[in-house]
Amino acid sequence: MIPHLARLLDITMNNGTLPSDWKRATVIPIHKGGGGDRSLVTNYRPVSLTSVVCKQMGHVIASYLRQVWDKNDWLYEGQRGFRPGYSCESQVIAVCQEVADYLDSGDKIDAIIVDFSKAFDLVPHGRLLTKIANSGVNSRVVVWIREFLLGHTQRSRVGGQLSAEVRGTSGVPQGSLLGPLLFLAYVNDIWRNMESTIRLFAGDCVIYRKIINNADREKIAEGPGQAGGVGS
């Protein structure tokens, strides 16, 4: 099957278009666990079931993106999660060690913990594509990703019942290898123009700063705002 899949990827790459079946997704709710109330919609994570062939193509595209971004050192070093060798566990250790060092020196620290609400669902396609295009990626790959995102439709399945199909206007698919990587690309510049330390745990982040005077408290209160990836 490999020669046929390679040929199919080559055709979609050269034509700049994807079959409509590749853009259809069935969303199933997966309970987040942790003893949350199963009757609340907010305790479920939506996972998109998409074409198996499209997922294989997504693996190839994701591998290419990682190679390019690793080569030009584009991804923010403070981002952990969704990246081989960059685990959230190592991020926790780094943050705790740095905070402990501050406290051992008798310094005060203010910290803000941010949980991005519906992080994957609210990524605007236009801004995401602009960032990817400026990251050193081949223009044909940018077009392929654009076609992958635009015109995407989905329907939900609960207990064997299917909802009506709707067209997605934003977001990256969950349950695919490519989706989390695209999300990383979108939030990648969140650290820019910030004077406080920011460390990301996949879809969450912590911002902290040594406090010497009131000016330091004002600076950390600014947060990422419009300067970072989420706002820009």
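**Exercise 1. Find what share of the residues in the chain is buried, and place that share beside the overall make-up of the predicted model.**

Solution. Begin with burial: of the 232 residues in the chain, 40% are buried, where buried means a relative accessible area under 20%. Next, turn to the secondary structure, in which the chain has 7 helices and 9 strands. Then take the extent of the chain, whose C-alpha atoms fill a box of roughly 65 × 45 × 30 Å along the principal axes. Finally, look at how contacts are spread along the sequence: among those between residues at least 6 apart, 68% join residues at least 24 apart.

**Exercise 2. Determine where the confidence of this predicted model is highest and where it is lowest among the elements of the chain.**

Solution. The starting point is the average, a pLDDT of 86 for the chain, with 95% of the residues scoring at least 70. Going from element to element, helix α4 (residues 125–133) has the highest confidence, at a mean of 95, whereas helix α7 (residues 214–222) has the lowest, at 80. The last step concerns residues 226–232, over which the pLDDT is below 50, although this stretch has 23 contacts in the model beyond near neighbours in sequence.

**Exercise 3. Describe how helices α2 and α6 pack, and work out which kinds of residue form their contact.**

Solution. First the geometry: helix α2 (residues 52–71) and helix α6 (residues 178–187) pack at an angle of about 35°, and their axes are 9 Å apart. The crossing of these two helices is left-handed.

Second, the residues: α2 brings Gly58, Ile61, Ala62, Leu65, Arg66 and Trp69, and these meet Leu178, Leu181, Leu182 and Ala185 of α6. Sorted by kind, the residues of this contact divide into 8 nonpolar, 1 polar and 1 charged.

**Exercise 4. Decide whether helix α6 is enclosed or open, and name elements that cover its buried residues.**

Solution. Count the buried residues of the helix: 10 of the 10 residues of α6 are buried, so this helix is largely enclosed by the rest of the structure. The buried residues include Gly179, Pro180, Phe183 and Tyr186. As for the cover over them, α2, β3, α4, α5 and β8 are included in it.

**Exercise 5. Identify the residues with the most contacts inside the largest nonpolar core, and trace the surroundings of Trp144.**

Solution. The largest nonpolar core has 43 residues, and those with the most contacts inside it are Leu65, Leu128, Trp144, Ile145 and Leu182. Now ask which elements supply the core: α1 (2–15), α2, α4, α5 (139–149), α6, β8 (197–201) and β9 (204–211) each give two or more residues to it. The largest share, 8 residues, comes from α6.

To trace Trp144, set aside its neighbours within four places in sequence; the contacts that remain are with Leu9, Thr12, Met13, Leu18, Trp22, Met57, Gly58, Ile61 and Leu178.

**Exercise 6. Locate Asp73 and Phe82, and compare their backbone angles and their exposure.**

Solution. Start with Asp73, which lies in the loop between α2 and β3 (79–80). Asp73 has a positive phi of about 55° although it is not a glycine, and its relative accessibility of 64% makes it exposed.

Continue with Phe82, whose place is in the loop between β3 and α3 (88–104). Phe82 is not a glycine either, yet it has a positive phi of about 65°; with a relative accessible area of 35%, Phe82 is partly exposed.

**Exercise 7. Classify Leu5, Thr50 and Gly85 by exposure, and give the contacts of Leu5 and Thr50.**

Solution. Leu5, in helix α1, has a relative accessible area of 24% and is therefore partly exposed. Beyond its neighbours within four places in sequence, Leu5 is in contact with Val53 and Met57.

Thr50 sits in the loop between β2 (44–49) and α2, and its relative accessible area of 18% makes it buried. Not counting residues up to four places away in sequence, Thr50 touches Arg24, Ala25, Lys55 and His152.

Gly85, in the loop between β3 and α3, is exposed, with a relative accessible area of 77%. To place Gly85 in space, note that Gly85 and Gly33 are 52 residues apart in sequence and 26 Å apart, C-alpha to C-alpha.

Key: Residues numbered from 1 in each chain as written. Predicted model: local features only at pLDDT ≥ 70, side-chain atom pairs only at ≥ 80, totals over all residues. Heavy atoms only, no water. pLDDT = per-residue confidence, 0-100. Helix = DSSP H or I, 4+ residues; strand = E, 2+ residues; numbered from the N terminus. Contact = heavy atoms within 4.5 Å. Axes fitted to C-alpha atoms, helices over the stretch in contact; angles between N-to-C directions. Left-handed = near helix turned anticlockwise from the far one by under 90°. Nonpolar A, V, L, I, M, F, W, Y, C, P; charged D, E, K, R; others polar. Core = buried A, V, L, I, M, F, W, Y, C linked by side-chain atoms within 4.5 Å. Buried < 20%, exposed > 50% of the residue type's maximum accessible area, 1.4 Å probe, protein only.
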